[in-house]
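Here is a short round of questions on charge pairs, one helix and model confidence. Keep the structure open as you read.

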Amino acid sequence: MEPGELQVILLNNIMRIYLVIFFIGILLFSCKKENIIPDNNVPYYGEIPTLLLENYVNRLYIDLLGREPLDDEMINDVQFLRDNNVTIGSRDTLLYKLQFDTSFIEGDSSYKIAYFHRFYEMIKIRLIEGASNAYINSENGNWYQLYLNDSLGGNMIEANKKRLEFNKLNDIIKSETKYLNSSISIRELHRRMIYNSVYDDINMNTFNYINAVFDNLLFRYPTVYEFNECQLMIDNNSTQILMGKSGNSKFDMGDIICDSDEFYEGLVNWTYITFLNRFATAQEKDELMNELIINNDYQKIQRIVMSSDEYAHFD
């Protein structure tokens, strides 16, 4: 064999070796690519430090029940979350227990009773400066005495006005149990809180009242048109149009606002402000407003927010 032919054969063999290595490299790279799952960003919660879990459980008890968990409660709830890899579902289960479990709990009667009492107090803080039931009952006693005085004096028109104020305050006291038993809705609970003499005393005169209702419930002030329509409803008992509906009284004004989509948007924002110290994004509002409007389940909205990594500080 000539030297030139030997060189050609060697070069060919070298090229074959390089080609084999090249194709093996492509094959290995392709196999690795096939094992990659796009957008596989699901966090692994099993490695969350116990201290963070304890802080999360502690915060749940304070926000929902108004107290810290007992030692046994802390141990059991942290272990429950750990056993279930701290998934969103396990957090929702724990939250649901604190909202609705009716088993006897010393000092609370039950989680459900403690939760709904706490929620009732939070609504009062939001709208009537946290007026105590004792204060409301005291005011109610005054209205009832005025009602009796007018009745005995034969002034039944004024007597009936006093009786109405008595009933409004009585509706506030009854609303805690009624909401717990699902006898009234979240919107009716709020309507009662803005239609009584305590709310009137806090927001004296028609101007302040209208602005307070919009600000407290919708997180905005009324437009000039809305304000004028509400003022005519309240002061003149004139039939006006507000948010596409007609009304001719202070009761109608509150009822219309509490039955609006904006009311549910306000509830979502209030929840985010309360638990996350921020307003909800447009997407968050859309999703949770639809949940509220369709199912009227505010407690589920709380669970969605409070089971998030942002609330738990797991992110």
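Buried means under 20% relative accessible area, exposed over 50%, and partly exposed in between. The model is predicted.

Q: Is E265 buried, exposed or partly exposed?
A: Its relative accessible area is 25%. The buried class ends at 20% and the exposed class starts over 50%. E265 is therefore partly exposed.

Q: Which residue forms a salt bridge with E265?
A: The closest N and O atoms of the pair are 3.1 Å apart. The pair links distant parts of the chain, with E265 in helix α13 and its partner in helix α14 (residues 282-295), 20 residues apart. The partner is buried, at a relative accessible area of 18%. It is K285.

Q: How many salt bridges does the structure hold?
A: A pair counts when a side-chain nitrogen of Lys or Arg is within 4 Å of a carboxyl oxygen of Asp or Glu. Some join up: D150, E158, K161 and K162 are linked in a network of salt bridges. The total in the structure is 23.

Q: How many residues apart in sequence are the parts that D77 and K97 tie together?
A: The two side chains meet in a salt bridge, 2.7 Å from N to O. D77 lies in helix α3 (residues 71-83) and K97 in helix α4 (residues 88-100), so the pair ties together parts of the chain whose separation is 20 residues.

Q: Which relative accessibility does K97 have, next to its buried partner D77?
A: D77 is buried, with a relative accessible area of 4%. K97 counts as partly exposed. Its value is 25%.

Q: Which residue forms a salt bridge with R187?
A: R187 is buried, with a relative accessible area of 16%. Its partner is partly exposed, at 34% relative accessibility. The closest N and O atoms are 3.4 Å apart. The partner is D259.

Q: Where does D259 lie?
A: R187 sits in helix α8 (residues 186-193). D259 is 72 residues apart from R187, so the pair links distant parts of the chain. D259 lies in the loop between α12 (250-258) and α13 (261-276).

Q: How far away from E229 is the nearest side chain of opposite charge?
A: E229 lies in helix α11 (residues 224-236). E229 is buried yet has no salt bridge. Leaving aside neighbours within four places in sequence, E229 is in contact with Q240 and I241. The nearest side chain of opposite charge is R220, at 13 Å.

Q: Why do the buried residues of α3 lie on the same side?
A: An α-helix has 3.6 residues a turn, so residues three or four places apart point the same way. In α3, the buried residues are E73, M74, D77, V78 and L81. They share a side because the arc they cover around the axis is only 115°.

Q: Which helices do the buried residues of α3 pack against?
A: On the other side of α3, D71, D72, I75, N76 and D83 are exposed. The buried residues pack against α2 (50-65), α4 and α5 (111-128).

Q: How many contacts beyond four places in sequence does the model have for residues 26-40?
A: The mean pLDDT of the chain is 89, and 86% of its residues reach 70 or more. Over residues 2-11 the pLDDT is below 50, and that stretch has 2 contacts beyond near neighbours in sequence. Over residues 26-40, pLDDT stays under 50 and the number of contacts is 0.

Technical notes. Residues numbered from 1 in each chain as written. Predicted model: local features only at pLDDT ≥ 70, side-chain atom pairs only at ≥ 80, totals over all residues. Heavy atoms only, no water. Helix = DSSP H or I, 4+ residues; strand = E, 2+ residues; numbered from the N terminus. Buried < 20%, exposed > 50% of the residue type's maximum accessible area, 1.4 Å probe, protein only. Lys, Arg positive; Asp, Glu negative; His and termini not counted. Contact = heavy atoms within 4.5 Å. Arc of directions from axis to C-beta. pLDDT = per-residue confidence, 0-100.
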